[in-house]
Amino acid sequence: MLRIAVPNKGSLSEPAVDMLREAGYRQRRDSRELVLPDPDNDVEFFFLRPRDVAVYVGAGTVDVGITGRDLLIDSASSAVEHLPLGFARSTFRFAGTAGRLTDARQIAGLRVATSYAELVGAYLRERDIEPAAVVRLDGAVESAIRLGVADVIADVVETGSTLRAAGLEVFGEPILRSEAVLVRRADVDQPAGLDILTRRLQGVLTAREYVLMDYDVPLELVDRAVAITPGLESPTVSPLHNGQWAAVRAMVPRNQTNRVMDALYDVGARAILVTSILACRI
């Protein structure tokens, strides 16, 4: 039975549960449940603190788990990224007093406050930058500079409005672009059932990213039309009974649907139908 760790709270929890449910797995109805067997799918779910997921996977207590790329790196465990999951995206940046710093190398000799000390420390070591100290703080770090705890902070940045309100600005390149990931142990064979879980999650990702588009087009315009809708591998083209038209079916990126429909109408396609899909990459 495959043992899967799932975040029990925070921004990772609900999207992770939704994705697993879309993939056909049973999910808990009571947030107080810590262990949930799913015998029909030969898996067992363990609901853990997001920061602990990579630690348990690395220790072999569970086989795989869902966590953030940032939490995985910060855990310094032997777990590794297996599959990016496309939600809970975030960007880590350095920030300091407005107008003071422009490059990460200027951090040498300064104090850095962050909730992700291992992640930030590893980033600085890789670039041979030696800060005076990396100060671990739990929770918000925006006040660390004003309160004299640090000279620089490293934190998740979305719009930057919170930093600006504190008189800070980002500088240097992003430390990390994070998102939710499925993780597994690095030093063991792939556990039984992981291939099925991976395939199902990839199917959910594909279904979220693509729609299925069907349309009719004159035979002499097929090449122009399929250039607009190349699909994942290749579109399906079938001749219609009258011998003058073809029916085309292709998967199209969801966020490009309207643009693609406009382009198809321009080349003479008709009867365009768009449907959501549940896809499985084989």
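The accessible surface of the protein comes to about 14,700 Å², and 48% of that surface belongs to carbon and sulfur atoms. These values come from a predicted model. The protein has eight helices and 15 strands. Two open sheets are covered below, one of six strands and one of five.

**Overall shape and packing**

- The radius of gyration of the protein is 24 Å, whereas a compact globule of 282 residues would have one near 19 Å.
- The C-alpha trace spans about 80 × 50 × 35 Å along its principal axes.
- Of the 282 residues, 45% count as buried.
- Among contacts with a separation of 6 or more, 68% join residues 24 or more positions apart.

**The six-strand sheet**

- Strand order here is S2-S3-S1-S4-S11-S5 in an open sheet, and the pairing is mixed.
- Strand S2 (35–38) and strand S5 (79–84) stand at the edges; each has a single partner strand, so one side of each is left without a neighbour in the sheet.
- On average, neighbouring strands of this sheet are turned by 30° against each other, direction ignored.
- Strand S1 (residues 2–7) and strand S3 (residues 43–48) run parallel and are joined by six bridges.
- Within that pair, valine 6 stands opposite phenylalanine 47 in S3.
- Helix H2 (residues 50–59) packs on the sheet and touches S1, S3, strand S4 (64–68), S5 and strand S11 (180–185).
- The direction of H2 makes about 145° with that of S4.
- Helix H6 (residues 194–209) also packs on this sheet, touching S1, S4, S5 and S11.
- The direction of H6 makes about 40° with that of S5.

**The five-strand sheet**

- This open sheet has the order S8-S7-S9-S6-S10, again with mixed pairing.
- Its edge strands are S8 (133–136) and S10 (168–178), and each pairs on one side only.
- Neighbouring strands are turned by 25° against each other on average, direction ignored.
- Helix H4 (residues 117–126) lies across S6, strand S7 (111–114), S8, strand S9 (152–157) and S10.
- H4 runs at about 95° to S10.

**Strand S6 and its partners**

- S6 (residues 90–97) is antiparallel to S10, with seven bridges between the two strands.
- Phenylalanine 94 of this pairing stands opposite phenylalanine 171 in S10.
- Glycine 96 has glutamate 169 as its bridge partner in S10.
- S6 also pairs with S9 in the antiparallel sense, over five bridges.
- In S9, isoleucine 153 is the bridge partner of alanine 95.
- S6 is mostly covered, with six of its eight residues buried.

**Helix H8: a buried side and an exposed side**

- H8 spans residues 257–267, and its buried residues include Thr257, Val260, Leu264 and Val267.
- These four lie on the same side of H8, because they cover an arc of only 90° around the axis.
- Asn258 and Asp266 are exposed on the other side of H8.
- Cover for the buried residues of H8 includes strand S12 (210–218), helix H7 (222–228), strand S14 (245–253) and strand S15 (270–276).
- Glycine 268, just after H8, takes a positive phi of about 105°.

Technical notes:
Residues numbered from 1 in each chain as written. Predicted model: local features only at pLDDT ≥ 70, side-chain atom pairs only at ≥ 80, totals over all residues. Heavy atoms only, no water. Pairing = 2+ DSSP bridges. Axes fitted to C-alpha atoms, helices over the stretch in contact; angles between N-to-C directions. Contact = heavy atoms within 4.5 Å. Buried < 20%, exposed > 50% of the residue type's maximum accessible area, 1.4 Å probe, protein only. Rg over C-alpha atoms; globule rule 2.2 N^0.38 Å. Areas by Shrake-Rupley, 256 points an atom, 1.4 Å probe, with all protein chains shown as cover. Arc of directions from axis to C-beta.
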